[in-house]
Amino acid sequence: MKKLPADFVSYTKEVMGDSRFASFIGSFDHEPPVSIRINRRKLNIENGKLNCCALTSGAAIQPSTFNVQPLTSHLSPLTPVSWCSDAFYLDHRPQFTFDPLLHAGCYYVQEASSMFIDRVLRQHIDEPVVMLDLCAAPGGKSTAAIAALPDGSILVSNEPVRTRANILAENITKWGAGNVIVTNSYPKDIAASRVAFDVVLCDVPCSGEGMFRKDDGAIGEWSVANVEKCWRLQREIVAEAWKVLKPGGILVYSTCTFNLRENEENVCWIIDELQAEPLAVDVEAEWNITSSLLDGFDAPVYRFIPGVTRGEGLFMAVLRKGEGESPSCSHRGEGRRKKQGAQASRLRSSLPLSGDNWHQMEHGDNILALPKELVPVYEALVAARVRIVKAGVAVGTVKGKDIVPDIELALSTQLAADSFPKYDADLDLALAYLRKEAIVLPPDVPKGYVLITYEGHRLGFAKNLGNRANNLYPQEWKIRSRQ
């Protein structure tokens, strides 16, 4: 049994009550549940395929035992995550690193409680919206939002910490959506852009009590003083988020902690100070999601307690903004956009994306393709000097007369069919490619840029020279461990 801080134990037992607290303490005797969320843009739940060995065997993957089965054949005995479409619990934690289909973005490994955002968005959003995920790394809730939002929606996925923003961009890229901008800024910088959002997710930095079972570091960092610091910072973040939320828009407030200061008391503050309306989410009693634990406060809130609910610690509340003055979205940069569009138009036929809803532009030597509805938001963020890590789909980089295709293009769900020749690698070659090792392709593979695939799912590009192939997988993404 892990040793928990005495102040945490006494306070949390009082908040939860004896029965819930006993269940919570009992959860430390069990391994945390493992869950994945399927990317339906890349896998069909009936006909799609996953690396069966990676998800059903605890042993290292061996080519001699590798086989592929329909997705339903190995997920059917597993339990769906009740509050999230396309999500499943696994019966153990496999070696995900060595499954090429994880790197292809066919599924995302995510803690089940965090997937509750899927339930929230599917219930309350029924038409295209512009959404902001304000503290988004590593990207679990952002990729869940991408899957849950109606077609035509836009997501700005922000992370203030630069190293974490790069991880966020990697995970968004692997998911393959083109309707996303990844930014690396503080909430006040996003507010300065005056982009108006229909939905804002504030998964705020917190004291991390809900991660105690999984993360010993969270236990070591916990203190009463840190709780005090967190709830004040959380209100500052929400206040900035409120500035960019449209009248009638929805704020989703989320933490991974248990205490009332960071949860119910902050929701009370949002309701009282910002005149927000709390919204209910449909849940089933058998999910054992805990409602408000603050005496005298019965607004709908949702607390996931390990040992009570099958997942880690999470708190979430959904609130609607009242009527009032709306932020306005700037459209500066129109002249530059027209000029860049003229430069990029000659490139569209050589690096195609499906559909005609794309605006291409050059950013230095890099060619970007943005869905047309994304352009005004992109330009407003650029004008406000918000640091953009990723926007739309990076098509490629101009090098002399050549255009080197980008990994974002390879992983995009909007890459037009038959744009590049493909080579479907076996497991050994796929892992060698993902380690960015030197690879050699068969003689019958065309020279030039080739998409390396695994079980038909794209991993990235190589430039085939005949006697060898230049591995174009990003250096910073490569697998560094061995089986």
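**Reading a predicted fold, step by step**

Colleague: Let's start at the end of a helix. Which residue follows helix 12, and is its phi positive or negative?

Modeller: Helix 12 is followed by Q275, and the phi of Q275 is positive, near 55 degrees. Keep in mind that this is a predicted model.

Colleague: Is helix 12 itself enclosed or open?

Modeller: For this we count buried residues, taking buried as under 20% relative accessible area. Helix 12 covers residues 264–274, and eight of its 11 residues are buried, so the helix is largely enclosed by the rest of the structure. The buried ones are E264, N266, V267, C268, W269, I270, I271 and L274.

Colleague: What covers the buried residues of helix 12?

Modeller: The cover includes one helix, helix 11 (224–244). It also includes strand 10 (245–255), strand 11 (277–279), strand 12 (302–304) and strand 13 (314–320).

Colleague: How many helices and strands does the protein have?

Modeller: There are 16 helices and 22 strands. Of the 483 residues in the protein, 55% are buried. You can also look at how far apart along the chain the contacting residues lie: among contacts with a separation of 6 or more, 72% are between residues 24 or more positions apart.

Colleague: Now for helix pairs. At what angle do the axes of helix 1 and helix 2 cross?

Modeller: With a pair of helices, look at the distance, the angle and the handedness in turn. The axes of helix 1 (residues 6–16) and helix 2 (residues 18–26) come within 6 Å and cross at roughly 130 degrees. That angle makes helix 1 oblique to helix 2. The crossing of the two is right-handed.

Colleague: Which residues make the contact?

Modeller: Helix 1 supplies F8, V9, T12, K13 and M16, while helix 2 supplies D18, R20, F21 and F24. Sorted by class, this contact has five nonpolar residues, one polar and three charged.

Colleague: Could we try another pair? How do helix 7 and helix 8 pack?

Modeller: Their axes are 9 Å apart, and the packing angle is about 30 degrees. The reasoning step needs a cut-off: angles under 35 degrees count as roughly parallel. Helix 7 is therefore roughly parallel to helix 8, and helix 7 passes helix 8 in a right-handed crossing. S142, T143 and I146 of helix 7 meet N171, I172 and W175 of helix 8. This contact has three nonpolar and three polar residues, with no charged ones.

Colleague: And what about helix 6 and helix 7: is their crossing right-handed or left-handed?

Modeller: Right-handed. The axes of helix 6 (residues 116–124) and helix 7 (residues 140–148) come within 9 Å and cross at roughly 30 degrees. On helix 6 the contact uses I117, D118, L121 and R122, and on helix 7 it uses K141, A144, A145, A147 and A148. Here the classes are six nonpolar, no polar and three charged.

Colleague: On to sheets. In what order do the strands of the open sheet with strand 4 come, and how are they paired?

Modeller: When you read a sheet, ask for the order and then for the edges. This open sheet has three strands in the order 4-1-5, with antiparallel pairing. Strand 4 (87–90) and strand 5 (107–109) stand at the edges with a single partner strand each, so one side of each has no neighbour in the sheet. On average, neighbouring strands here are turned by 30 degrees against each other, direction ignored. Strand 1 (residues 34–38) pairs with strand 5 over three bridges, and I38 has Y107 as its bridge partner in strand 5.

Colleague: How many bridges join strand 14 to strand 15?

Modeller: Six, and strand 14 (residues 358–363) runs antiparallel to strand 15. One bridge links W358 with P371 of strand 15. The two strands form a hairpin with two residues between them, where G364 takes a positive phi near 65 degrees. Strand 15 also pairs with strand 17 (residues 393–399), in the antiparallel sense over four bridges, and there N366 is partnered by T397. Five of the six residues of strand 15 (residues 366–371) are buried, so strand 15 is largely enclosed by the rest of the structure.

Colleague: One loop residue to finish. Is V445 buried or exposed?

Modeller: V445 lies in the loop between helix 16 (427–434) and strand 20 (448–454). Its relative accessibility is 8%, so V445 counts as buried. Leaving aside neighbours within four places in sequence, V445 is in contact with Y423, V450 and N464. The C-alpha atoms of V445 and K422 are separated by 8.2 Å, although these residues are 23 residues apart along the chain.

How values were computed
Residues numbered from 1 in each chain as written. Predicted model: local features only at pLDDT ≥ 70, side-chain atom pairs only at ≥ 80, totals over all residues. Heavy atoms only, no water. Axes fitted to C-alpha atoms, helices over the stretch in contact; angles between N-to-C directions. Parallel < 35°, antiparallel > 145°, perpendicular 65-115°, else oblique. Left-handed = near helix turned anticlockwise from the far one by under 90°. Contact = heavy atoms within 4.5 Å. Nonpolar A, V, L, I, M, F, W, Y, C, P; charged D, E, K, R; others polar. Pairing = 2+ DSSP bridges. Buried < 20%, exposed > 50% of the residue type's maximum accessible area, 1.4 Å probe, protein only.
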